[in-house]
Amino acid sequence: MPHTIRRAAIDDAAALSHLGATTFRETFAGENTPEDMARYLAEAFTPQQQAAEITDPASTVLLAEYHGESGGTELVGYAHLIAGPVPEAVRGPAPLELKRIYVARAWHGQGVARALMAAAIEAARSRGARTLWLGVWERNPRAVAFYAKYGFTRVGEHTFVLGSDTQTDWLFVRSLVTDSDTGD
Ligand SMILES: CC(C)(COP(=O)(O)OP(=O)(O)OC[C@H]1O[C@@H](n2cnc3c(N)ncnc32)[C@H](O)[C@@H]1OP(=O)(O)O)[C@@H](O)C(=O)NCCC(=O)NCCS
């Protein structure tokens with residue numbers, strides 16, 4: 001199998017920081033100012049921040065790795081689940097947030113995101129969650145389409161601050177008490 005999913009360990013913090021920052025830039029630099037991008041990147045994707053997330057008992061960080069024919073391994077995506085404050089619009093029982101699911105652009109549309117989503121759903125269930133929720137920028141149509149494939153439905157919106165820019169995130173929710181985890 002070319003891709004595998006595993007829990008992140010503290011030693012993964014630097015590689016995760018690089019992947020997170022690169023994917024964030026690839027996705028959002030075209031529609032945000034360099035100043036707002038720099039401010040957010042400096043707080044969200046440092047190796048220190050990744051290490052804190054990996055070791056936080058409220059978080060589960062999952063890595064997708066590609067295993068090349070030459071024996072090398074490449075980090076190509078990750079997902080971050082976290083237990084924390086829940087917006088009022090999210091009404092389901094036992095909610096858990098899917099804070100990030102990021103796949104490097106070269107790997108979009110190749111099943112990495114599907115494998116990460118399946119693993120995130122499994123990990124969320126094993127933490128006792130019964131509802132998965134997330135916020136997605138209203139101007140991120142690929143992610144919105146991806147979540148719709150996995151049975152997420154829109155329940156409201158909230159604001160998200162990128163640097164100095166206040167943006168609208170759509171809130172999506174998905175029950176974990178169903179079997180439709182494949183995205184097919
Ligand atoms: C969101 C993400 C994880 C999805 O992974 P992926 O491999 O791209 O997902 P898929 O290709 O399986 O699904 C994306 C769907 O959006 C569709 N799509 C692509 N561009 C689109 C667009 N501009 N508008 C609407 N739909 C679009 C694709 O056709 C596909 O649907 P299909 O399978 O029915 O053809 C990945 O794109 C990613 O990491 N993006 C950058 C980071 C990001 O935005 N993360 C989410 C933040 S909330």
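**Group meeting: a loop residue, a ligand and some salt bridges**

Okay, let's start with Ala94, which lies in the loop between β3 (73-82) and β4. Helices and strands here are DSSP runs, numbered from the N terminus: H or I with at least four residues for helices, E with at least two for strands. Before I go on, this is a predicted model, so local features need pLDDT of at least 70 and side-chain atom pairs count only at pLDDT 80 or more, while totals for chains, interfaces and linings use all residues. Residues are numbered from 1 along each chain as its sequence is written, and side-chain values use heavy atoms, with hydrogens and water left out.

Back to Ala94. Its phi is near 45°, a positive value in a residue other than glycine. Most residues other than glycine have a negative phi. Ala94 is partly exposed, with a relative accessible area of 33%. For the cut-offs, buried means under 20% relative accessible area, exposed means over 50%, and partly exposed is in between, with a 1.4 Å probe and protein chains only.

Now the ligand. Which residues come closest to the ligand? They are Val103, Gly109, Asn140, Arg142 and Lys149, out of 18 that surround the ligand. A residue counts as near if one of its heavy atoms lies within 4 Å. Three of the side chains reach ligand oxygens through an N or O atom: Asn140 at 2.8 Å, Arg142 at 2.6 Å and Lys149 at 2.8 Å. On its own the ligand has 940 Å² of accessible area, and the protein covers 69% of that. Those areas are Shrake-Rupley values with a 1.4 Å probe.

Which elements build the shell? α1 (13-28), β4 (95-103), β5 (131-137) and α5 (141-149) each supply at least two residues. The most comes from α5, with seven residues. And the space that the ligand takes is the largest pocket. On a 1 Å grid over the protein atoms alone, a pocket is an open set of points with protein on both sides within 12 Å along at least five of seven lines. A molecule sits in one if more than half of its atoms lie within 2 Å of its grid points.

On to charges. How many salt bridges does the structure hold? Four, taking a salt bridge as a side-chain nitrogen of Lys or Arg within 4 Å of a carboxyl oxygen of Asp or Glu. The one to look at is the network that links Arg6, Asp12 and Glu65. Arg6 meets Asp12 at 2.9 Å, N to O, and Arg6 also pairs with Glu65, the closest N and O atoms being 3.1 Å apart. Arg6 lies in strand β1 (residues 3-7) and Glu65 in strand β2 (residues 59-67), so this pair ties together parts that are 59 residues apart in sequence. Buried or partly exposed? Glu65 is buried at 11%, Asp12 is buried at 13%, and Arg6 is partly exposed at 32%.

Another salt bridge joins the side chains of Arg154 and Glu157, at 3.8 Å, N to O. Here Arg154 is partly exposed at 46%, and Glu157 is partly exposed at 48%.

Last stop, Gln49. This residue sits in helix α3 (residues 47-55) and is partly exposed, at 28%. Gln49 and Ala13 are 36 residues apart in sequence, with their C-alpha atoms 8.2 Å apart in space. That's my tour, thanks.

Conventions:
Polar contact = N/O pair within 3.5 Å; in protein donor to acceptor, adjacent residues only side chain to side chain. 1 Å grid on protein atoms, 1.4 Å probe; cavity = no way out; pocket = protein on both sides within 12 Å on 5 of 7 lines; lining within 4 Å.
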